[in-house]
Amino acid sequence: MKSARITRLLPLSLALMLAMFLTACGPSNTVRLLSPAPAVNPVLPAPNAPRVTVVPFTDNRQDTTNLGVRRDGSAFVASDDLAQWVSRGLADELRRQGVQVSYAMDENQARSGNPDYIVTGTVEQAWLREVSATELATSMRATYRLAPRSGRVVKETLNSSQNRSGIPTGGAAEEIMLNSMRELVQPMARKIKAIVDGK
């Protein structure tokens with residue numbers, strides 16, 4: 001009789017332990033905004049390559065403190081300035097693609113360096129959602145503006161989105177946010193490089 005009761009309780013105990021394990025291993029509410037890994041073989045800019053300066057983007061989200069929502073209704077919050085993280089990610093990607101790039105803290109500082117182009121922009125959306133204990137989803141949208149010393153300003157809005165399923169880990173939210181940011185800035189950098197190179 002005792003062994004039958006233990007046999008019935010064993011699956012329930014295991015299910016409860018698994019649920020507790022998944023909850024404990026899941027992402028925390030504070031999401032660290034990770035920097036991309038340095039390029040292994042970066043493309044070096046040509047000696048006479050145009051100079052591009054990236055300025056921190058403006059955060060145009062309605063709630064700049066809220067990064068998303070967990071299943072329990074609590075908020076994901078970013079550990080750092082999200083718009084600056086995106087603009088630094090763009091500068092890194094431009095450098096990786098062989099653009100002669102610098103980073104300035106504002107447009108006045110950028111102009112003082114007399115670059116050939118200044119990149120500014122806005123972040124309109126950055127959202128992280130815990131869909132289930134094993135699934136996270138993100139969506140991001142940003143607009144960049146490429147202003148030459150003289151001539152037409154180029155402006156374009158790009159989007160990215162990611163879904164990640166698997167065993168939850170403490171770093172899952174950081175990884176999916178980094179991947180989503182990369183997916184946003186890589187085509188942005190390619191478009192900017194094509195214009196700067198005159199293609």
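**Exercise 1. Place Arg70 in the chain, then decide whether Arg70 is buried or exposed.**

Step 1: find the spot. Arg70 sits in the loop that runs between strand E4 (68-69) and strand E5 (75-78). Helices (H or I, at least four residues) and strands (E, at least two) are DSSP runs, numbered from the N terminus. A quick word on the model: it is predicted, so local features need pLDDT of at least 70 and side-chain atom pairs count only at pLDDT 80 or more, while totals for chains, interfaces and linings use all residues. Residues are numbered from 1 along each chain as its sequence is written, and side-chain values use heavy atoms, with hydrogens and water left out.

Step 2: check the cover. Arg70 has 14% relative accessibility, so Arg70 counts as buried (under 20% relative accessible area; exposed is over 50%, partly exposed in between, with a 1.4 Å probe and protein chains only).

Step 3: list the neighbours. Leaving out residues up to four places away in sequence, Arg70 touches Pro27, Ser28, Asn29, Phe76 and Glu130. Contact here means heavy atoms within 4.5 Å.

**Exercise 2. Follow the contact to Pro27 and work out which residues Pro27 touches.**

Step 1: Pro27 belongs to the loop between helix H1 (2-25) and strand E1 (30-31).

Step 2: Pro27 is buried too, because its relative accessible area is 6%.

Step 3: with residues up to four places away in sequence set aside, the partners of Pro27 are Arg70, Phe76, Glu130, Leu136, Thr169, Gly170 and Ala173.

Step 4: now try a distance. Pro27 and Ala133 are 106 residues apart along the chain, yet their C-alpha atoms are separated by 9.6 Å.

**Exercise 3. Compare the span of helix H4 with the expected one.**

Step 1: H4 covers residues 172-196, which is 25 residues.

Step 2: the expected span is 1.5 Å times one less than the number of residues, giving 36 Å for H4.

Step 3: from first C-alpha to last, H4 reaches 36 Å, close to that expectation.

Step 4: look just past the end, where Gly198 takes a positive phi of about 75°.

**Exercise 4. Sum up the whole chain: how many helices and strands are there?**

Step 1: count four helices and nine strands.

Step 2: read the order from the N terminus, α-β-β-β-β-β-α-β-α-β-β-β-α.

Step 3: of the 199 residues, 37% count as buried.

Step 4: take contacts between residues at least 6 apart in sequence; 73% of them join residues at least 24 apart.
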